[in-house]
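New to this one? Have a look at the model below, and then let's walk through some of its parts together.

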Amino acid sequence: DYIKGEFLSDLIRHKILVKDKSILCDAEEIINRGKTSKVLVIVNTVDRAIELFEKLSGHENIFLLHSLFTQKHRNMLESKIKAFADDQSAKGVWITTQIVEASLDVDFDYLFTELSTLDSLFQRMGRCYRKRKYDLSEPNVYVYTEDVKGVGTIYDKDIWDKSRNAIKKYNFEGLSESDKVNMVDELYSKENLSGTKFLNTFYNALKFLDTNDDYNLDSNEAQRILRNIQSINVIPRRIYEEIFDLVHQYASETDISKRKKLRREIDKHTLSISLYKIRESKGSTTPIGIKGLEHIKILEREYDFSEDTCTGKGVIVDQALSNIF
């Protein structure tokens, strides 16, 4: 015999403060917090992350992590943020996107975040006071609801609006794990989503998958779905020039085992980027032109990163690429 049930902790780890302003407006507060504590900042797009990083530039211990770094540099940054989080004496600010929500086991003292949907927001909160009981006299999570990037692109607007209404009810309140689960269940309930575009799209997707032979998905809708999942591997031009000898060593190598090893080394200098977004922004890519490396293009964009300081902006792209995270 066994008992089926949910085992959720009533431990309070987070107290939130909802701010109806842009996260950019609190740059000074973020800097000041970082002088005495570990501060994690999570925004919704690469564009906003770089914008905030530039606003905080000139101060010590400000770091940036998002998806538009090469694999090698992203691994360096992920190792650095883990070491930073584990170092009890470390102080400073890490500006990131939602790539840290589930992939990194880190624990920070304060979280400053743009509002996302509740499920995403609670994942973000899990990187603050991860295994600690809330013991402060002030909030440790600050949620910003104005001038938020990614609404209507990364996050469905109906879901985001309902998330904003829900989280405001807990302003300056402690949140238990059961509170979070209940809020997400309510957010995605059929009753709550009735009449929304999100629910209609969901049902259409189910119908398409269940009765593909009988139901033809509108071509524009199909393209909209596909464009968000298609991506290509690229090497930024600056990085390509740095590994030029490695690439041509691969081209001239005849030993299969050595070619595979060289290929793995080359892959470390690539990153994945949305094909649709490159086209949308008229981004330029150039084929490498070497057999075996057809899957990689040279990205004709600036790339900023210093391996000595482990800081930089990564790929520098225009506004049209801002909903890559």
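## A pocket to start with

Let's begin with a hollow. The second largest pocket of this predicted model holds about 170 Å³ of space. Which residues line the second largest pocket? They are L118, K162, N165, A166, K169, Y170, M183, E186, L187 and N192.

Sorted by class, that lining has five nonpolar, two polar and three charged residues. Two helices chip in with at least two lining residues each: α6, covering 157-168, and α7, covering 177-187.

## How far to trust it

Averaged over the chain, pLDDT comes to 88, and 84% of the residues get to 70 or more. One stretch to treat with care is residues 319-324, where pLDDT stays under 50. For that stretch, the model has 23 contacts beyond four places in sequence.

## The seven-stranded sheet

Now for an open sheet with seven strands. Reading across, the order goes β3-β4-β2-β5-β6-β1-β7, and the pairing is mixed. Which strands sit at the edges? Those are β3 (62-65) and β7, each of which pairs on one side only. As general background, strands in a sheet pair through backbone hydrogen bonds, in either a parallel or an antiparallel way.

Start at the β3 edge. β3 runs parallel to β4 (residues 92-96), and four bridges link the two. Along that pairing, I62 has V93 in β4 as its bridge partner, while F63 is opposite W94. The residues of β3 point in two directions: I62 and L64 go one way, F63 and L65 go the other, and all of them are buried.

## Strand β1 and its two neighbours

Toward the other edge you'll find β1, made of residues 14-19. Is β1 mostly enclosed or mostly open? Five of its six residues are buried, so the rest of the structure largely encloses this strand.

On one side, β1 pairs with β6 (residues 141-144) in parallel, through four bridges; here V18 is partnered with V143. Its pairing with β7 (residues 174-175) is antiparallel instead and takes two bridges. In that pairing, H14 is opposite L175.

## A well-covered helix

Helix α2 spans residues 46-56, and eight of its eleven residues are buried, so the helix is mostly covered. The buried set is V46, D47, R48, A49, I50, L52, F53 and L56. What does the covering? The list includes α1 (27-34), β2 (38-42), β3, β4, β5 (110-114) and β13 (311-315). So β3 and β4, already met in the sheet, turn up here again as part of the cover.

After α2 comes G58, a residue with a positive phi near 100°.

## Two unusual backbone angles

A quick bit of background: most residues other than glycine have a negative phi. Two residues here go the other way. F172 isn't a glycine, yet its phi is positive, near 60°. C310 isn't a glycine either, and its phi is also positive, at about 60°.

Where do they sit? F172 is in the loop between α6 and β7, and C310 is in the loop between β12 (303-306) and β13. Are they buried or exposed? F172 has a relative accessible area of 42%, so it counts as partly exposed. C310 has a relative accessible area of 7%, under the 20% cut-off, so C310 is buried.

Technical notes:
Residues numbered from 1 in each chain as written. Predicted model: local features only at pLDDT ≥ 70, side-chain atom pairs only at ≥ 80, totals over all residues. Heavy atoms only, no water. pLDDT = per-residue confidence, 0-100. Contact = heavy atoms within 4.5 Å. Buried < 20%, exposed > 50% of the residue type's maximum accessible area, 1.4 Å probe, protein only. Pairing = 2+ DSSP bridges. 1 Å grid on protein atoms, 1.4 Å probe; cavity = no way out; pocket = protein on both sides within 12 Å on 5 of 7 lines; lining within 4 Å. Points joined across faces, edges and corners; volume = space filled by probe spheres on them. Nonpolar A, V, L, I, M, F, W, Y, C, P; charged D, E, K, R; others polar.
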